[in-house]
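Open the model in the viewer and keep the sequence panel visible. The stops below go from one sheet to the helices on it, then to the nonpolar cores and the whole chain.

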Amino acid sequence: MRLSIPRETLLPAIHQVMGAVERRQTLPILANLLMEASSQGLRLTATDLEMELVTEVSVLVEKEGATTLPARKLLDICRTLPEGCDITLSVSDGQAVIQAERSRFQLATLPAEDFPRIEGLRDPQALVIRQGVMKGIIQHVAFAMAQQDVRYYLNGMLLELAPQALRGAATDGHRLALCEAPADLSISEIRQVIVPRKGVIELQRLLGEGDAEARIEVDANHLRVDMGTLRLTSKLIDGRFPDYQRVIPGNSDKRLTISREALRQAMTRAAILSSEKFKGARFTMEGELLSIETQNPERENSREELLADYQGDPLSIGFNIAYLLDVLNTLQDPEIVIEMRNAESSGVIRRQDSEGMRCTYVIMPMRL
(Lines give C-alpha, C1' and ligand atoms only; values in the text may rest on other atoms or scores of the structure.)
Protein backbone atom coordinates (compact mmCIF):
# COMPACT_ATOMS: atom_id res chain seq x y z
CA MET A 1 0.00 0.00 0.00
CA ARG A 2 1.36 3.39 -0.98
CA LEU A 3 -0.29 6.78 -1.47
CA SER A 4 0.34 10.52 -1.40
CA ILE A 5 -2.14 13.02 0.06
CA PRO A 6 -2.08 16.72 1.06
CA ARG A 7 -2.05 17.35 4.80
CA GLU A 8 -5.09 19.64 4.45
CA THR A 9 -7.06 16.72 2.95
CA LEU A 10 -6.03 13.98 5.37
CA LEU A 11 -6.25 15.95 8.64
CA PRO A 12 -9.96 16.93 8.36
CA ALA A 13 -10.83 13.36 7.32
CA ILE A 14 -9.16 11.97 10.44
CA HIS A 15 -10.97 14.53 12.61
CA GLN A 16 -14.31 13.45 11.12
CA VAL A 17 -13.98 9.84 12.28
CA MET A 18 -12.09 10.29 15.57
CA GLY A 19 -15.34 10.43 17.55
CA ALA A 20 -15.77 6.67 17.08
CA VAL A 21 -12.25 5.69 18.20
CA GLU A 22 -12.46 3.62 21.38
CA ARG A 23 -10.70 5.43 24.24
CA ARG A 24 -10.76 2.57 26.77
CA GLN A 25 -9.07 0.20 24.31
CA THR A 26 -10.89 -2.94 25.37
CA LEU A 27 -9.54 -4.34 22.09
CA PRO A 28 -6.22 -2.90 20.86
CA ILE A 29 -7.44 -2.66 17.28
CA LEU A 30 -10.31 -0.35 18.32
CA ALA A 31 -7.68 2.33 18.95
CA ASN A 32 -6.73 2.13 15.26
CA LEU A 33 -8.15 3.57 12.06
CA LEU A 34 -8.85 1.25 9.16
CA MET A 35 -7.31 2.75 6.01
CA GLU A 36 -8.32 1.28 2.66
CA ALA A 37 -6.66 2.59 -0.51
CA SER A 38 -8.18 1.78 -3.90
CA SER A 39 -8.68 3.30 -7.32
CA GLN A 40 -11.70 5.19 -5.87
CA GLY A 41 -9.53 6.91 -3.24
CA LEU A 42 -8.88 6.50 0.48
CA ARG A 43 -11.50 5.29 2.95
CA LEU A 44 -11.06 5.82 6.71
CA THR A 45 -13.11 3.82 9.22
CA ALA A 46 -13.29 4.04 13.02
CA THR A 47 -15.50 2.06 15.40
CA ASP A 48 -16.08 1.36 19.08
CA LEU A 49 -18.40 -1.58 18.25
CA GLU A 50 -21.46 0.57 19.08
CA MET A 51 -20.89 3.25 16.44
CA GLU A 52 -19.01 3.33 13.16
CA LEU A 53 -17.80 6.38 11.21
CA VAL A 54 -16.64 6.11 7.61
CA THR A 55 -15.30 8.90 5.38
CA GLU A 56 -13.87 8.89 1.88
CA VAL A 57 -11.37 11.28 0.28
CA SER A 58 -9.91 11.61 -3.20
CA VAL A 59 -6.24 10.71 -3.21
CA LEU A 60 -3.45 9.62 -5.53
CA VAL A 61 -3.01 5.88 -4.84
CA GLU A 62 0.18 4.39 -6.18
CA LYS A 63 -0.41 0.92 -4.73
CA GLU A 64 -3.74 -0.36 -3.41
CA GLY A 65 -4.06 -2.03 -0.02
CA ALA A 66 -5.48 -1.85 3.48
CA THR A 67 -4.08 -1.55 7.00
CA THR A 68 -4.89 -0.11 10.43
CA LEU A 69 -2.86 2.63 12.13
CA PRO A 70 -2.94 4.03 15.70
CA ALA A 71 -5.55 6.77 15.42
CA ARG A 72 -4.29 9.29 17.96
CA LYS A 73 -0.65 8.99 16.95
CA LEU A 74 -1.63 9.48 13.31
CA LEU A 75 -3.75 12.51 14.24
CA ASP A 76 -0.94 14.07 16.28
CA ILE A 77 1.58 13.52 13.49
CA CYS A 78 -0.64 15.11 10.84
CA ARG A 79 -1.59 17.99 13.15
CA THR A 80 2.04 18.93 13.85
CA LEU A 81 3.33 18.63 10.28
CA PRO A 82 3.86 21.92 8.37
CA GLU A 83 0.83 23.43 6.65
CA GLY A 84 0.60 22.79 2.93
CA CYS A 85 2.88 19.75 2.91
CA ASP A 86 2.19 16.48 1.09
CA ILE A 87 2.14 13.28 3.13
CA THR A 88 3.37 9.99 1.70
CA LEU A 89 2.15 6.80 3.38
CA SER A 90 3.63 3.40 2.56
CA VAL A 91 2.96 0.08 4.29
CA SER A 92 4.94 -3.15 4.13
CA ASP A 93 5.79 -6.03 6.47
CA GLY A 94 3.52 -4.79 9.28
CA GLN A 95 5.11 -1.33 9.42
CA ALA A 96 3.82 1.98 8.09
CA VAL A 97 6.13 4.80 7.08
CA ILE A 98 4.83 8.38 6.99
CA GLN A 99 6.99 10.99 5.25
CA ALA A 100 6.50 14.72 4.77
CA GLU A 101 9.29 17.09 3.73
CA ARG A 102 12.20 16.14 6.05
CA SER A 103 10.06 14.32 8.63
CA ARG A 104 9.76 10.53 8.78
CA PHE A 105 7.70 8.39 11.15
CA GLN A 106 7.44 4.62 11.41
CA LEU A 107 4.29 3.20 13.02
CA ALA A 108 3.25 -0.33 13.94
CA THR A 109 0.14 -1.62 12.19
CA LEU A 110 -2.48 -4.27 12.89
CA PRO A 111 -4.03 -6.44 10.15
CA ALA A 112 -6.96 -4.84 8.31
CA GLU A 113 -8.80 -8.18 8.22
CA ASP A 114 -9.00 -8.13 12.05
CA PHE A 115 -10.79 -4.76 12.13
CA PRO A 116 -14.44 -5.20 13.27
CA ARG A 117 -17.19 -3.83 11.06
CA ILE A 118 -20.85 -3.14 11.83
CA GLU A 119 -22.89 -5.50 9.69
CA GLY A 120 -25.03 -4.18 6.88
CA LEU A 121 -28.57 -3.10 7.72
CA ARG A 122 -31.32 -5.65 7.14
CA ASP A 123 -34.35 -4.48 5.16
CA PRO A 124 -33.79 -0.84 6.14
CA GLN A 125 -36.41 1.88 5.89
CA ALA A 126 -34.82 4.77 3.97
CA LEU A 127 -35.70 8.44 3.70
CA VAL A 128 -34.01 11.72 2.80
CA ILE A 129 -34.01 14.94 4.84
CA ARG A 130 -32.15 18.25 4.90
CA GLN A 131 -29.12 18.08 7.17
CA GLY A 132 -29.94 21.48 8.67
CA VAL A 133 -33.35 20.26 9.83
CA MET A 134 -31.99 17.19 11.58
CA LYS A 135 -29.13 19.15 13.14
CA GLY A 136 -31.54 21.82 14.40
CA ILE A 137 -33.71 19.23 16.12
CA ILE A 138 -30.71 17.63 17.82
CA GLN A 139 -29.38 21.00 18.98
CA HIS A 140 -32.70 21.85 20.64
CA VAL A 141 -33.15 18.59 22.59
CA ALA A 142 -29.79 16.86 23.14
CA PHE A 143 -29.04 18.66 26.44
CA ALA A 144 -31.97 16.89 28.15
CA MET A 145 -30.62 13.36 27.61
CA ALA A 146 -29.83 11.39 30.75
CA GLN A 147 -26.27 10.32 31.54
CA GLN A 148 -25.60 6.80 32.79
CA ASP A 149 -29.14 6.41 34.09
CA VAL A 150 -30.20 2.91 35.16
CA ARG A 151 -33.22 3.51 32.94
CA TYR A 152 -31.03 2.83 29.90
CA TYR A 153 -33.70 3.98 27.43
CA LEU A 154 -33.26 7.56 28.74
CA ASN A 155 -29.54 7.61 27.84
CA GLY A 156 -30.28 8.71 24.31
CA MET A 157 -32.65 10.66 22.08
CA LEU A 158 -35.95 9.49 20.68
CA LEU A 159 -36.09 10.02 16.93
CA GLU A 160 -39.65 9.82 15.65
CA LEU A 161 -40.20 9.53 11.91
CA ALA A 162 -43.70 10.55 10.85
CA PRO A 163 -45.18 11.01 7.35
CA GLN A 164 -45.08 14.83 7.56
CA ALA A 165 -42.63 15.53 10.40
CA LEU A 166 -39.39 14.57 12.07
CA ARG A 167 -39.41 14.76 15.88
CA GLY A 168 -36.73 14.50 18.52
CA ALA A 169 -37.33 14.08 22.25
CA ALA A 170 -35.07 13.64 25.28
CA THR A 171 -35.69 13.41 29.02
CA ASP A 172 -33.78 12.56 32.18
CA GLY A 173 -36.94 12.12 34.25
CA HIS A 174 -36.92 15.71 35.56
CA ARG A 175 -37.36 17.61 32.31
CA LEU A 176 -38.41 17.02 28.72
CA ALA A 177 -37.20 18.59 25.49
CA LEU A 178 -39.28 18.03 22.37
CA CYS A 179 -38.67 19.46 18.91
CA GLU A 180 -40.60 18.90 15.68
CA ALA A 181 -39.87 20.06 12.15
CA PRO A 182 -42.06 19.64 9.06
CA ALA A 183 -40.62 17.14 6.59
CA ASP A 184 -42.02 14.98 3.82
CA LEU A 185 -40.47 11.66 4.80
CA SER A 186 -42.43 9.47 2.37
CA ILE A 187 -43.35 6.87 4.97
CA SER A 188 -46.79 5.48 5.75
CA GLU A 189 -46.65 5.09 9.55
CA ILE A 190 -44.82 6.52 12.56
CA ARG A 191 -41.49 4.89 13.41
CA GLN A 192 -39.68 5.46 16.72
CA VAL A 193 -36.02 4.66 17.46
CA ILE A 194 -33.76 5.59 20.40
CA VAL A 195 -30.30 6.79 19.33
CA PRO A 196 -27.57 6.42 22.01
CA ARG A 197 -26.06 9.54 23.51
CA LYS A 198 -22.70 9.15 21.77
CA GLY A 199 -24.33 8.80 18.36
CA VAL A 200 -26.46 11.90 18.99
CA ILE A 201 -23.45 14.00 19.95
CA GLU A 202 -21.52 12.87 16.87
CA LEU A 203 -24.46 13.65 14.58
CA GLN A 204 -24.71 17.12 16.09
CA ARG A 205 -21.01 17.63 15.34
CA LEU A 206 -21.01 16.24 11.81
CA LEU A 207 -24.30 17.35 10.26
CA GLY A 208 -24.22 20.49 8.13
CA GLU A 209 -26.28 23.64 8.67
CA GLY A 210 -27.64 24.14 5.15
CA ASP A 211 -29.82 22.43 2.56
CA ALA A 212 -27.47 19.53 1.82
CA GLU A 213 -29.37 16.27 2.09
CA ALA A 214 -28.78 13.34 4.40
CA ARG A 215 -30.01 9.83 3.71
CA ILE A 216 -31.35 8.09 6.81
CA GLU A 217 -31.68 4.30 6.98
CA VAL A 218 -33.27 2.50 9.93
CA ASP A 219 -33.65 -1.20 10.63
CA ALA A 220 -34.51 -3.07 13.81
CA ASN A 221 -31.10 -2.50 15.41
CA HIS A 222 -29.29 0.34 13.63
CA LEU A 223 -29.53 3.92 12.43
CA ARG A 224 -27.37 4.95 9.46
CA VAL A 225 -26.99 8.54 8.31
CA ASP A 226 -25.22 9.09 5.00
CA MET A 227 -23.95 12.65 4.51
CA GLY A 228 -22.25 12.20 1.15
CA THR A 229 -18.60 11.28 1.70
CA LEU A 230 -19.26 10.72 5.41
CA ARG A 231 -21.40 7.98 6.95
CA LEU A 232 -22.38 7.29 10.57
CA THR A 233 -23.85 3.98 11.70
CA SER A 234 -25.04 3.57 15.28
CA LYS A 235 -26.62 0.73 17.17
CA LEU A 236 -30.00 1.62 18.65
CA ILE A 237 -31.09 1.36 22.28
CA ASP A 238 -33.53 -1.52 22.67
CA GLY A 239 -36.25 -0.10 24.90
CA ARG A 240 -39.50 1.84 25.02
CA PHE A 241 -39.24 5.61 25.35
CA PRO A 242 -41.78 7.23 27.72
CA ASP A 243 -44.97 8.64 26.19
CA TYR A 244 -43.79 12.24 26.00
CA GLN A 245 -47.24 13.62 25.16
CA ARG A 246 -48.53 12.59 28.60
CA VAL A 247 -45.79 14.63 30.29
CA ILE A 248 -46.85 17.93 28.73
CA PRO A 249 -49.40 19.57 31.07
CA GLY A 250 -52.50 21.24 29.71
CA ASN A 251 -54.85 23.95 30.99
CA SER A 252 -52.04 26.23 32.14
CA ASP A 253 -53.74 29.49 33.10
CA LYS A 254 -50.68 31.46 34.22
CA ARG A 255 -48.22 32.99 31.74
CA LEU A 256 -44.92 34.73 32.41
CA THR A 257 -43.48 36.71 29.50
CA ILE A 258 -39.95 37.98 30.06
CA SER A 259 -36.72 38.92 28.32
CA ARG A 260 -34.74 35.74 27.74
CA GLU A 261 -31.35 37.41 28.22
CA ALA A 262 -32.37 39.31 31.36
CA LEU A 263 -33.71 36.11 32.91
CA ARG A 264 -30.62 34.15 31.86
CA GLN A 265 -28.27 36.66 33.46
CA ALA A 266 -30.32 36.86 36.67
CA MET A 267 -30.41 33.07 37.05
CA THR A 268 -26.69 32.80 36.36
CA ARG A 269 -26.06 35.18 39.27
CA ALA A 270 -28.63 33.46 41.49
CA ALA A 271 -27.00 30.06 40.89
CA ILE A 272 -23.82 31.24 42.64
CA LEU A 273 -25.47 30.94 46.07
CA SER A 274 -27.80 28.04 45.34
CA SER A 275 -27.29 24.58 46.78
CA GLU A 276 -24.58 22.84 44.75
CA LYS A 277 -26.49 19.56 44.92
CA PHE A 278 -30.03 20.68 44.06
CA LYS A 279 -29.60 24.06 42.28
CA GLY A 280 -33.07 25.08 43.42
CA ALA A 281 -34.55 28.57 43.25
CA ARG A 282 -37.90 30.00 44.29
CA PHE A 283 -39.70 31.98 41.61
CA THR A 284 -42.39 34.36 42.90
CA MET A 285 -44.63 36.10 40.35
CA GLU A 286 -47.14 38.85 40.96
CA GLY A 287 -48.19 41.67 38.67
CA GLU A 288 -45.18 43.01 36.78
CA LEU A 289 -42.55 41.62 39.13
CA LEU A 290 -40.62 38.33 39.18
CA SER A 291 -38.34 37.58 42.11
CA ILE A 292 -35.81 34.75 42.16
CA GLU A 293 -34.51 33.62 45.55
CA THR A 294 -31.82 31.08 46.36
CA GLN A 295 -30.09 29.87 49.49
CA ASN A 296 -27.57 27.20 50.41
CA PRO A 297 -26.79 25.05 53.47
CA GLU A 298 -24.35 27.73 54.70
CA ARG A 299 -27.36 30.07 55.06
CA GLU A 300 -26.11 32.32 52.30
CA ASN A 301 -28.83 33.64 50.03
CA SER A 302 -29.56 35.85 47.04
CA ARG A 303 -32.55 37.67 45.58
CA GLU A 304 -33.05 38.95 42.03
CA GLU A 305 -35.98 41.09 40.92
CA LEU A 306 -37.00 41.47 37.27
CA LEU A 307 -39.74 43.32 35.45
CA ALA A 308 -41.99 40.93 33.54
CA ASP A 309 -45.47 40.55 32.09
CA TYR A 310 -47.24 38.05 34.35
CA GLN A 311 -50.84 37.04 33.78
CA GLY A 312 -52.62 35.08 36.50
CA ASP A 313 -52.99 34.83 40.26
CA PRO A 314 -49.83 35.31 42.35
CA LEU A 315 -47.69 32.18 42.28
CA SER A 316 -44.59 30.92 44.09
CA ILE A 317 -42.90 27.86 42.59
CA GLY A 318 -39.50 26.15 42.78
CA PHE A 319 -37.42 25.25 39.72
CA ASN A 320 -33.97 23.81 39.12
CA ILE A 321 -31.89 26.73 37.84
CA ALA A 322 -29.58 24.50 35.79
CA TYR A 323 -32.52 23.00 33.88
CA LEU A 324 -33.95 26.42 33.04
CA LEU A 325 -30.55 27.76 32.01
CA ASP A 326 -30.11 24.85 29.60
CA VAL A 327 -33.30 25.91 27.83
CA LEU A 328 -32.43 29.61 27.79
CA ASN A 329 -28.94 28.89 26.43
CA THR A 330 -30.43 26.76 23.65
CA LEU A 331 -33.06 29.27 22.53
CA GLN A 332 -32.20 32.54 20.83
CA ASP A 333 -35.59 34.30 21.04
CA PRO A 334 -35.65 37.83 22.54
CA GLU A 335 -38.52 36.84 24.85
CA ILE A 336 -39.77 33.58 26.29
CA VAL A 337 -43.13 32.58 27.72
CA ILE A 338 -43.37 30.18 30.67
CA GLU A 339 -46.79 28.58 31.17
CA MET A 340 -47.76 27.28 34.62
CA ARG A 341 -50.84 26.06 36.48
CA ASN A 342 -49.81 25.81 40.15
CA ALA A 343 -46.81 25.11 42.37
CA GLU A 344 -47.16 21.33 41.89
CA SER A 345 -47.41 21.36 38.08
CA SER A 346 -44.57 21.53 35.57
CA GLY A 347 -43.61 24.72 33.78
CA VAL A 348 -43.80 24.72 29.97
CA ILE A 349 -41.82 26.82 27.48
CA ARG A 350 -42.87 26.76 23.81
CA ARG A 351 -41.44 28.37 20.71
CA GLN A 352 -41.89 28.19 16.95
CA ASP A 353 -39.66 29.67 14.25
CA SER A 354 -40.47 31.01 10.81
CA GLU A 355 -39.70 27.67 9.14
CA GLY A 356 -42.25 25.79 11.23
CA MET A 357 -39.88 24.16 13.73
CA ARG A 358 -41.71 23.82 17.06
CA CYS A 359 -40.05 23.19 20.40
CA THR A 360 -41.59 22.39 23.76
CA TYR A 361 -39.72 22.24 27.07
CA VAL A 362 -41.23 20.84 30.26
CA ILE A 363 -39.52 21.35 33.64
CA MET A 364 -40.79 19.67 36.79
CA PRO A 365 -41.20 21.87 39.89
CA MET A 366 -39.08 21.47 43.02
CA ARG A 367 -40.14 21.49 46.66
CA LEU A 368 -38.06 24.06 48.54
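Two strands count as paired if DSSP finds at least two bridges between them. Helices (H or I, at least four residues) and strands (E, at least two) are DSSP runs, numbered from the N terminus. This is a predicted model, in which local features need pLDDT of at least 70 and side-chain atom pairs count only at pLDDT 80 or more, while totals for chains, interfaces and linings use all residues. Residues are numbered from 1 along each chain as its sequence is written, and side-chain values use heavy atoms, with hydrogens and water left out.

**The sheet**

Select residues 2-6, strand β1, which pairs with β5 in the antiparallel sense over three bridges. Add S4 and L60: the latter, in β5, is the bridge partner of S4. Extend the selection to the open sheet of five strands, ordered β5-β1-β7-β8-β9 with antiparallel pairing. At the edges are β5 (60-63) and β9 (103-108); each has a single partner strand, so one side of each is left without a neighbour in the sheet. From one strand to the next, the twist averages 20°.

**Helices on the sheet**

Next select residues 7-17, helix α1, which packs on the sheet and touches β1 and β7 (86-92). Contact here means heavy atoms within 4.5 Å. The direction of α1 makes about 95° with that of β1; axes are lines fitted to C-alpha atoms, for helices over the stretch in contact, and angles run from 0 to 180 degrees between N-to-C directions. Then take residues 71-80, helix α2, which lies across β7, β8 (95-100) and β9 and runs at about 175° to β9.

**The nonpolar cores**

A nonpolar core is a set of buried Ala, Val, Leu, Ile, Met, Phe, Trp, Tyr and Cys residues joined through side-chain atoms within 4.5 Å; buried means under 20% relative accessible area, exposed over 50%, partly exposed in between (1.4 Å probe, protein chains only). Which residues touch the most other members of the largest core? Select L42, L263, F283, L290 and I292, out of 105 residues in that core. Helix α7 (residues 321-330) gives the largest share, six residues. Center on L263: not counting residues up to four places away in sequence, its contacts include I258, F283, L306 and L328. A second, separate core has eleven residues, among them L158, I194, F241 and V362.

**The whole chain**

Zoom out to seven helices and 26 strands. Buried residues are 52% of the 368 in the chain. The C-alpha atoms fill a box of roughly 80 × 50 × 35 Å along the principal axes.
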